[in-house]
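This note is offered to a first-year reader as a set of numbered points. Please keep the sequence and the model in view while reading.

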Amino acid sequence: MSTQASTIQSVAPQGTATRRIVMGLVFLGLAAAIWFLFANTTQADLVTTFTLNPGGSQFNFPNLGFTTLPVLHALASACALIGAFQLARGFGRSTNAVLGLVAALFIFAFLSWVASGTSLNLAGLLRATLIRAVPITLGALSGILCERAGVVNIAIEGMMLTSAMVAAIFGSLYGLWVGLLAGVLAGGLLAVVHAILSIKYKTDQIVSGTVINIFSIGITSFISAKFLASYRYLNNPGIFSDIQIPGLVDIPFLGPILFSHNIFFFGMVVFLVLLHFGLFFTRWGLRLRSVGEHPKAADTLGINVFRTRYMAVILGGMMAGFGGAYFTLGSVGRFDEVMTAGRGFIGLAAMIFGNWNPFGAFGAGLLFGFADMLAARLAILGVRVPSEFLLMAPYVATMIVLAGVVGRGQMPAADGQPYEKEGH
Amino acid sequence: MPPVLELRNITKRFPGVLANDHIDLTLNRGEIHALLGENGAGKTTLMNILYGLYQPDEGEIFINGQKAEIHSPTDAINLGVGMVHQHFMLIPVFTVTENVMLGSESLQLGGVLDRKAAAERIREISEAYGLAVNPDDHIRDLPVGGQQRVEIIKLLYREADILILDEPTAVLTPQEADELFRIMHSLTERGKSIIFITHKLREVLDIADRITVIRRGKVVGSTTPKQANQSKLAAMMVGREVDLSVHKRAAKLGAAVLQVQDLKVADDRGQLAVDGVSFAVQAGEVLGIAGVQGNGQTELVEALTGLRSTHAGSIRLLDEDITRADPRRITELGSAHIPEDRQRDGLVLNFPVADNLVLNTYYQAPFSKGAVLQQNTISEVARERVSKFDIRTPGVETHASSLSGGNQQKVIVARELSRPVKLVVASQPTRGLDVGSIEYIHGRLIESRDSGVGVLLVSSELDEIMQLSDRIAVIYRGKIVDVLPAKGASKEKIGLLMAGVVQKGAKASPKVAAKKKAVTKKTAKKVAKKKAATKTTRPTKRRKDS
Amino acid sequence: MANQDNESKAPAQKKSAFGIFLQELGRGSVLVPILAIITGLFLGGLIVAVTTEAVYTTWSSSPLEAISRGVDAALRSYSALFNGSIGNPERIADALASGEGAALRRAFNPFLESLTKSVPYIFAGLAVALGFRAGLFNIGAEGQLFMGAICSVYVGFALTGLPAFIHLPLALGAGALGGALWGFIPGLLKAKTGGHEVINTIMMNYIAFRLSEYLLRGPLQRPDTTNPISPFIETTAQLPRFFDSPIRFHLGFFVALAAAYGVYWLLFKTRLGFELRTVGANPSAARYAGMNIVLVTVLAMSLSGALAGLAGANEVLGVNYTLAPAFSSGYGFDSIALALIGKSHPVGVVLAALLFGFLRNGALQMQIAANVPVDIISVMQALILAFIAAPAIIRTIYRLRAPAQQDDELRVRGWGG
Ligand SMILES: Nc1ncnc2c1ncn2[C@@H]1O[C@H](COP(=O)(O)OP(=O)(O)O)[C@@H](O)[C@H]1O
Ligand SMILES: [Mg+2]
């Protein structure tokens, strides 16, 4: 119960002190990592060159070149200073933003170190990061739709996988757009199953999600082995080509990074904005969130809890379906067994990381997308430490951040609880 | 003119319970009709039927003489019926505006919320009826009284003519309740009709135009305040002559068992909820802590039982300092704890009764040998306790969840009082229980006291405090404003203290005393009102969730 | 309420593990799980029939013929599944008649191989079930299993010259320890900071995969190859097999049964188990009762990880004798399903694990003999899980009456913040 706080003096809320210290230590740790891992292993005379042209643009942006070592030292000092301040005073409310800044500094230091003595296409990396963030963010948006209405959806992975296959088959037979539509519908269909199990039969939502995940892995591998392996023409849909947004794409540096993508990227941006606006500024969103926070209260105001939840879960499934189609129609051009490789789960993590907010989830999606991108490229870059350890970094970072910053997030209060209508 | 509302022959069965048994009820325009009955009588069920949340098995509803089909709250709302539920139906992370508009939103083009328009209407309503709220506050930042005003505004926003208030005073001080009654009168003056549910006799006589008493789902009688008096109503409500006064011997006081010095405790949000409290409980006495819910009682009890860390001050149990002790140590020293929320803290609902009876002693002999539980001993002891404490259960392997509230509480009492204890901390021990269980638990507490145990009774039921206590301490905003002997203490005086009003000559913490010196009853009301207003307009410090 | 009478009449009877389990099952109806399995198997056959190519090639000329082709394919699959998992009855009869060793071994191999296949399922299912009991959703069995395999393979090949009775327990212990560490970390984070164990175990899975990739290309790589594969373990670290080739049935099966009994004993007979279940069922009440929630949570996650680690250790020490990157085939998910189908009770988990072992093993034969991809098994598993989780569906299909008392529901604590 809330107390009459106005006259009562405030004591430092429990937990913030530890949080401050953990974050401070994280910042200092990153500074130390720049020093010992990067600066220590860099010769003084090496020069880093970043190419700022992702290619395909008329404008030729000059390369960015600098001597590596001093820049590394500067970056490390900056991180250390921020860390010291965090330990001593704390950034209070803007800690999360500062965390983002430090992460960016660290990543820049890392890239400078990787590219010392050679050149690295920074613009290309950024573009690839954005692309890799697409399925993760779409997965997170799917999760947000469901969970804001109070239904936990751990079946995003399965929905994406099934949709990827369905999109590939229909895309091969009837063209890309039909494939995309079929993929979206496949995601929606699995969501119907999830909804019926968890809303109608009140099955535990995690159990129901597990059912769909196992089913999806099974059925896609089954069909893939049975048909796609022998009938190649069923698995050759091609991919959507990039759309250049006229005018904007010619902006130097940013243009090609942001405005030359296929429909999945632009779709993600549109859904991101739409979902944020829809959730927080429309009747639809207010009702959807009310059902996820306090279904009984919503019910007493005449809101149909069941219908709202069905709608949210099915839309969420379609969102996952759109994200799944990305794998076959937006990226690879064919279906491979278990090709989503856990992206749905990472999307779930991004949703929690982003505190059930679309833009927060997108931020987390970028972080994971960057990791994903590195995984694909590090081998080519020829890095001097075992790449596996660098690849672990984002996962470790997520855990540390969860421990220090997000901790108990603001999840919808009725998330995961089936609604029982009494007295009928 | 036909009555605004007429319920005919309403019957509702739940598995094993006949909650409403052919109930008739009429409500006239501009009337306050009190529905009186003890816990479990079926009042809420009846109102849920009227509001469309439940479907009756039999019976008809007429509104303004027309037969009404109410299948959902939407139907009820459209017919002008509105209900403030016993447990508020508010969403803590939403603002007042969002909560009020939910379900009948003001819109701009294309489904976009028009928060401004809604907030404007809320301001209008709040001025018209004297319901102070700030539309932009988040519910989670509002005190209980403020939340209740929001609930009432929700009805008025939907232009309800028939207002149902389900036990609205349960969470209010007597003074706040008076404020609510003022609002209710201003509503009836404007032609609204109110069904007012309660189990408190005094209130009914104060405010109702008519009274209907129900017992075990049946209407046992209708009367008016003029024809009735408290004892007559009580007899109707319970079905027999009840004498809720507890007979107890004079206290045989012993040494202090619990000593609290300058205790400060923070709540979950880091605000000081207990602010420099000092008192002692002596062996052989009941010290009652009176106060409106939410004035620091929960945090105080949690600190005393080791569930919450203290901010400053000290707590001594017998001869040991337990300020930083954990719950287990405190239990072992001989402190029993009957927790406020029995289902959350006191029981594991899907464990057998037997396991619940040893929930905090399972690791000791004879229930464990080394690392191994002694199931047979546990069951045997459980059977003994079930019969000794008159716990009605099919067996000791039955899950606690299938017991009635009264029997669940008896499980806890049995567990706590079967140990050799020196102190009993009982927090809201009879909340929501039936009369039989209440009598039983009161008896057990007094029995403990008479056997030389110190009892700390925390309750927001003033009657309970007055009946059981030897001394009464009143807590207000985390401070003990006064401690007085129960003998000779008047309800009015304690009620005022509960509202933070300290009368001339009373000892209290200097700050409060200085501010409120020599306040008469009349001005006290005004003060309370003003305070409520400032409370709700306080700008929210918490961050929005979007 | 019937168990009231039972209880007074036979208080001793309810103490047995199986008894409690049957009681829990019987509360709804033993019928439901059995019907769920049968229905799941039937629907699997239906999918096989519908996806038979001959059905489509003959449909236009003769639908009846097409249908019979489909039914035929399904029946052939079932018989292959049976032969592959339990054994070919004729062959068993012949082998028994001949009494020849090799023939007998070949005839009984499917059955014993199914038992062998169920060993990691038992361990992994127990791991998740133990977590559920403590209110923890361990989605990281896969990573813990991997860490267990890595640790035990390392001890298996790096230590030489030890007698088997020392080496084998050491290798198993290392596996348990590796898994325990991978459970301990998310457990600690959960208890101390409230970080979601679901997310943290997912992260730990990925870290384990990366780590194993690194190790198998670096320190643990077999010297004579460029493939990411470890050296073979010493024979002293192998879990002994009971029969000659081709039978791979090994001691691990009995270790797994012992572990199941151990988990049962721990959960229902000990103080720690009581604490663990209390924390899982109602953390507030556990705090009230003076239990150390941090310790219990950390212990539960560690034990859960150790069990998953043992699953990996058994595969390495009993079946493969070496470790390659992709050796784990989705045990993570399957273990969640196992724990749920077994209602988080050790007896139920063992039964469910046997079912999965038999299905998985039979599926190989199904693929060879009936050309049905093994993945159909996952589909069946999902369907069985769905029917067990939503018994109302089964009751509707078979027109069973709802039980007087509510089923013990399958409930998992979601994000458990
Ligand atoms: N949803 C329900 N399911 C089963 N029994 C119920 C339900 N709601 C109320 N009851 C039972 O109906 C009776 C009347 O309850 P209620 O109307 O809440 O009483 P009151 O509001 O007068 O205290 C009680 O015995 C209660 O246990
Ligand atoms: Mg009620």
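1. Two strands pair if DSSP finds at least two bridges between them. Strands, like helices, are DSSP runs numbered from the N terminus (a helix is H or I with at least four residues, a strand is E with at least two). In chain B, strand 1 (residues 5-14) and strand 2 pair in the antiparallel sense over 7 bridges. Here B:Ile10 stands opposite B:Ile23 of strand 2.

2. The basis of the note should be stated early. This is a predicted model, in which local features need pLDDT of at least 70 and side-chain atom pairs count only at pLDDT 80 or more, while totals for chains, interfaces and linings use all residues. Residues are numbered from 1 along each chain as its sequence is written, chains are lettered from A and ligands numbered from 1 in the order in which they are written, and side-chain values use heavy atoms, with hydrogens and water left out.

3. How are the strands of the open sheet in chain B ordered? There are 4 strands in the order 2-1-4-5, with antiparallel pairing. Strand 2 (17-27) and strand 5 (66-68) stand at the edges with a single partner strand each, so one side of each has no neighbour in the sheet. The twist averages 30 degrees from one strand to the next. Helix 1 of chain B packs on this sheet and touches strand 1, strand 2 and strand 4 (58-63); a contact means heavy atoms within 4.5 Å. The direction of helix 1 makes about 115 degrees with that of strand 1 (axes are lines fitted to C-alpha atoms, for helices over the stretch in contact, and angles run from 0 to 180 degrees between N-to-C directions).

4. The magnesium ion (ligand 2) is coordinated by B:Thr44 (OG1) and B:Gln86 (OE1) at 2.0 to 2.4 Å. B:Thr44 lies in helix 1 (residues 43-50) and B:Gln86 in the loop between strand 6 (81-84) and helix 3 (96-101) of chain B, so the pair ties together parts 42 residues apart in sequence. Donors are N, O and S atoms within 2.8 Å of the metal (3.2 Å for Na, K and Ca), and water is not among the atoms, so sites may look incomplete. B:Thr44 is partly exposed at 26% relative accessibility, and B:Gln86 is partly exposed at 33%. Buried means under 20% relative accessible area, exposed over 50%, and partly exposed in between (1.4 Å probe, protein chains only).

5. Strand 13 (residues 286-290) of chain B has 5 of its 5 residues buried, so it is largely enclosed by the rest of the structure. On one side lie B:Val286, B:Gly288 and B:Ala290, and on the other B:Leu287 and B:Ile289. Strand 13 runs parallel to strand 20 (residues 454-459), joined by 5 bridges, and B:Val286 has B:Val455 as its bridge partner there. Strand 13 also runs parallel to strand 21 (residues 471-476), joined by 4 bridges, where B:Leu287 stands opposite B:Arg471.

6. Chain C has 18 helices and 0 strands, and 59% of its 417 residues are buried. Among the buried residues of helix 3 in chain C are C:Val32, C:Gly40 and C:Ile47.

7. Where does C:Ala285 lie? C:Ala285 is found in helix 13 (residues 283-288) of chain C and is buried, with a relative accessible area of 0%. Not counting residues up to four places away in sequence, C:Ala285 touches B:Arg344, B:Asp345, B:Leu347, B:Val348 and B:Leu359.
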